[in-house]
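Welcome! Have the sequence and the 3D view open, and try each exercise yourself before reading its solution.

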Amino acid sequence: MTRLNSQLQQDDVPLELVLLIQSLMVGCKEISFRVGQGALTGVLGSTSSENVQGETQKKLDVISNQILKDVLIESGHVKSISSEEEDDVVACNPEGKYLVSFDPLDGSSNTEINSLIGTIFSITHGTDGIQADDPSGFLQPGTQIAAAGYVLYGPSTMLVMSTGNGTHVYTLDKTQGDFLLTESNIQIPADTAEFSINMSNQRHWEPNIQAYVADLLVGKEGPRGKNFNMRWVAAMVGDVHRVLSRGGIFLYPFDNRDPSKPGKLRLLYEASPMAFLVEQAGGMASTGETRILDVMPTDIHQRVPTVLGSKNEVEACLAYTK
Ligand code: F6P
Ligand code: MN
């Protein structure tokens, strides 16, 4: 079976980026181990602090964030880091070539129920002349991504990653400690009959999303002429993994609960890396108005409405929003 390193070499990934990804995976393997220990080592439950998003931090959020910071700083290839769990960017090596954004433990409330969680990451080139502690280096559209992916801590630990040459799936062989290629160049089916949205927010959505979902719910008797199934893991990594594996549409649209938050998902370390993977697998990812990868960030913790997945279904949804 092909190892992660061999695949990266085959895809002509520059050596420094390969080394950076290797370091990142050392961190993710440690997170996988710590997550697996669960209640045995007292890592479950919350801390008494909140992150910049106003969310209570879980102990595993803080542990995972620290693990990733340590390995990335040590790698020497990273100029700076932006993380969901850090208010400001973390300056690393001024000579480092790359910027790394990550959500260290997406869906961390799922740790309470021993359900799916994961690490989402995005890697871009640093810009010459911008200091390591300056957040403006991160304000680049997703089209500039050099590599993006996630590690899913599920029944097996999987890495799903793209360096711009298709989206590949690797499974962690825990006996050897290697990520082995288990599926290359995955393709999301263009059509689907499965959607994923937090229905409890229905009354807060804009009328166009209300109309789209209402038409899915009436199924065969409605304008879509077919029945739709619904799934919600409540961890973006879990829902996007299902979409990448068998198709589907995933939405976290704008809602009017808090007008200062245009959607829930963060552009740099949630929406954008997932959009990159989805596009590399033949799918589509949009804010409802624009291609997610074209959005120019204005803030490292910026939120965007997100619609992604099977191409024809995303287009069907966009027909309601435009
Ligand atoms: O990180 C934000 C997040 O936890 C995503 O992983 C997930 O898709 C979403 O929020 C879940 O939102 P809700 O709490 O509305 O189910
Ligand atoms: Mn998250």
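**Exercise 1.** Is Trp-232 buried, partly exposed or exposed?

*Solution.* Keep in mind that the model is predicted. Start with the cut-offs: buried means under 20% relative accessible area, and exposed means over 50%. Trp-232 has a relative accessibility of 28%, so Trp-232 counts as partly exposed.

**Exercise 2.** Work out how the rings of Trp-232 and Phe-250 are arranged, and what the pair ties together.

*Solution.* A useful reminder comes before the numbers: a pair of aromatic rings is described by the distance of the centres and the angle of the planes.

Step 1. Count the pairs: with ring centres required to lie within 6.5 Å, there are three aromatic pairs.

Step 2. For Trp-232 and Phe-250, the ring centres are 5.7 Å apart and the planes meet at 5°. Planes under 30 degrees apart count as stacked, so this pair is stacked.

Step 3. Now find the two residues along the chain. Trp-232 sits in the loop between β12 (229-230) and α5 (236-246), while Phe-250 belongs to strand β13 (residues 249-252). The pair therefore ties together parts that are 18 residues apart in sequence.

Step 4. Check the cover of the partner: Phe-250 has 1% relative accessibility, so Phe-250 is buried.

**Exercise 3.** Classify the pair formed by Trp-232 and Tyr-252, then describe the cluster.

*Solution.* Step 1. The ring centres of Trp-232 and Tyr-252 are 5.9 Å apart, with the planes at 55°. That angle is neither under 30 nor over 60 degrees, so the pair is tilted.

Step 2. This pair also links distant parts of the chain, since Trp-232 is in the loop between β12 and α5, and Tyr-252 is in strand β13, 20 residues apart.

Step 3. Tyr-252 has a relative accessible area of 7%, so Tyr-252 is buried.

Step 4. Put the picture together: ring pairs join Trp-232, Phe-250 and Tyr-252 into a cluster.

**Exercise 4.** Look at the backbone of Asp-12 and Ala-234, and say what is notable about phi.

*Solution.* Step 1. Recall the background: most residues other than glycine have a negative phi.

Step 2. Asp-12 is not a glycine, yet its phi is positive, at about 60°. Asp-12 lies in the loop between α1 (4-10) and α2 (15-37), and with a relative accessible area of 68%, Asp-12 is exposed.

Step 3. Ala-234 also has a positive phi, near 70°. Ala-234 is in the loop between β12 and α5, and its 41% relative accessibility makes Ala-234 partly exposed.

**Exercise 5.** Which residues does Gly-282 touch, leaving out those up to four places away in sequence?

*Solution.* Step 1. Locate Gly-282 in the loop between α6 (267-280) and β14 (284-286). At 32% relative accessibility, Gly-282 is partly exposed.

Step 2. With those sequence neighbours left out, Gly-282 touches Gln-187 and Lys-311.

**Exercise 6.** Step back and judge how compact the whole chain is.

*Solution.* Step 1. The chain has seven helices and 15 strands.

Step 2. Its radius of gyration is 19 Å, close to the 20 Å that the globule rule gives for 322 residues, so the chain is as compact as a globular protein of that length.

Step 3. Buried residues account for 55% of the 322 residues. Among contacts with a separation of 6 or more, 64% are between residues 24 or more positions apart.

How values were computed. Residues are numbered from 1 along each chain as its sequence is written. Chains are lettered from A and ligands numbered from 1 in the order in which they are written. This is a predicted model: local features need pLDDT of at least 70, side-chain atom pairs count only at pLDDT 80 or more; totals for chains, interfaces and linings use all residues. Side-chain values use heavy atoms; hydrogens and water are left out. Rings of Phe, Tyr and Trp (its six-membered ring) pair if their centres lie within 6.5 Å; planes under 30 degrees apart count as stacked, over 60 as edge-to-face and the rest as tilted. Helices (H or I, at least four residues) and strands (E, at least two) are DSSP runs, numbered from the N terminus. Buried means under 20% relative accessible area, exposed over 50%, partly exposed in between (1.4 Å probe, protein chains only). The radius of gyration is taken over C-alpha atoms; the globule rule is 2.2 Å times the number of residues to the power 0.38. Contact means heavy atoms within 4.5 Å.
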